[in-house]
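Okay everyone, thanks for coming. Let me put the structure up, and then I'll walk you through one strand and its neighbours.

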Amino acid sequence: MFPRRLAGAVAAAAARAGLRGGGLLALLANQCRFVTGLRVRRAQQIAQLYGRLYSDSARRVLLGRLWRRLRSRAGHASAVMAALAGVFVWDEERIQEEELQRSIDEMKRLEEMSAVFQSSGVERHPPEPKSQTEGSKDSGGKEQPWEMVMDKKHFKLWRRPIAGTHLYQYRVFGTYTDVTPRQFFNVQLDTEYRKKWDALVIKLEVIERDVVSGSEVLHWVTHFPYPMYSRDYVYVRRYSVDQENNVMVLVSRAVEHPSVPESPEFVRVRSYESQMVIRPHKSFDENGFDYLLTYSDNPQTVFPRYCVSWMVSSGMPDFLEKLHTATLKAKNMEIKVKDYISSKPLEMGSEAKATSPSPERKGETSRSPPRIEYA
């Protein structure tokens with residue numbers, strides 16, 4: 001990219017100058033374009049060659065290692081090569097242990113206020129938590145205050161402005177006593193079941209999995225209220241179940257993936273973050289738990305700030321209630337939902353350095369009979 005830009009700049013300068021040296025500058029610009037074209041074609045040829053020689057998973061591992069070697073030498077050019085080769089670089093995009101721990105720490109800070117949610121008619125605000133995102137600070141580095149939006153007996157909703165934007169970050173702290181933490185957690189993660197209970201879902205599938213951390217990349221297409229276009233999200237998620245400390249956490253954020261280019265049918269949401277922490281009152285299999293949900297996204301609308309705030313403030317409680325109802329149905333009707341607690345993902349300490357496409361994607365090129373997969 002840099003040689004091409006340099007060539008364009010050199011040619012433009014030569015044209016404006018109108019000097020005798022313009023011919024020499026134009027020759028230099030053409031040479032830069034020629035070299036850039038050669039490198040791009042060579043990268044494409046290499047990708048095609050490895051595509052014929054190696055399986056999909058082996059190719060991703062090989063190209064990922066190549067990208068890591070070139071990154072320190074070629075900088076941006078290596079990223080371009082990775083994109084041309086269709087490689088998702090997990091070393092840059094996977095959710096780290098530190099991100100999971102930050103969400104758990106936020107829950108710990110608010111647990112001292114749990115009495116607020118167990119007694120009605122008492123209006124108190126939790127202590128101002130420390131920010132987990134740079135966007136929640138103003139230009140002077142000061143933390144933005146949380147504003148109470150909704151105050152119910154078992155449900156509290158706050159928001160605070162994201163500096164430099166017309167958007168808000170939202171936080172929900174609530175309690176359920178009629179379902180178990182295990183059931184609530186599993187229903188959130190089960191993409192196949194969500195397609196049944198969430199009527200807004202148009203498409204929801206796992207694109208790729210990271211065997212090192214257990215992170216997954218998902219593509220989610222959802223209806224938006226009329227007259228807005230449907231939105232699509234490409235995001236990475238990772239969950240952790242700590243039975244020793246009696247806590248569960250699910251973290252998601254938007255990413256770019258070469259297998260899911262932007263479609264003209266939907267509006268791509270490129271800014272999205274979500275952290276859900278669940279703290280059982282007793283155990284994972286007994287009714288009762290507290291949860292903390294922190295959420296922000298940019299839905300790319302042209303509506304005023306108060307309209308977007310109203311949609312999110314009303315939409316978030318509605319979604320949580322649908323999630324709760326779906327959990328009750330799964331419990332009472334004994335709907336089969338995968339147990340993600342038992343199938344805990346690999347730890348970050350693993351020495352393996354490999355990635356694998358989702359089984360849904362593998363089925364597209366495999367002749368084995370199709371099967372239902374869970375994310």
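**A strand and its two partners**

So, let's start with a pairing: strand β4, residues 201-210, is joined to β5 by 7 bridges, and the two run antiparallel. If you want a spot to look for, find K203, which stands opposite V221 in β5. The two strands make a hairpin with 5 residues between them. In that turn you'll see G214, with a positive phi of about 85°.

Now the other partner. β5 is also joined to strand β6, residues 231-242, again by 7 bridges and again antiparallel. Here, look for E216, which stands opposite R237 in β6.

Okay, so is β5 buried or exposed? It covers residues 216-222, and 7 of the 7 are buried, so the strand is largely enclosed by the rest of the structure. And which residues sit on each face? On one side you have E216, L218, W220 and T222; on the other, V217, H219 and V221. Every one of those is buried, so both faces of β5 are covered.

One thing to keep in mind: this is a predicted model. The average pLDDT for the protein is 76, and 65% of the residues score at least 70. Over residues 364-375, though, pLDDT is below 50, and that stretch has 20 contacts in the model beyond near neighbours in sequence. Residues 120-125 also stay under 50, with 8 contacts beyond four places in sequence.

That's my bit, so over to you for questions.

Definitions and conventions: Residues are numbered from 1 along each chain as its sequence is written. This is a predicted model: local features need pLDDT of at least 70, side-chain atom pairs count only at pLDDT 80 or more; totals for chains, interfaces and linings use all residues. Side-chain values use heavy atoms; hydrogens and water are left out. pLDDT is the predictor's confidence in each residue, from 0 to 100. Contact means heavy atoms within 4.5 Å. Buried means under 20% relative accessible area, exposed over 50%, partly exposed in between (1.4 Å probe, protein chains only). Helices (H or I, at least four residues) and strands (E, at least two) are DSSP runs, numbered from the N terminus. Two strands pair if DSSP finds at least two bridges between them.
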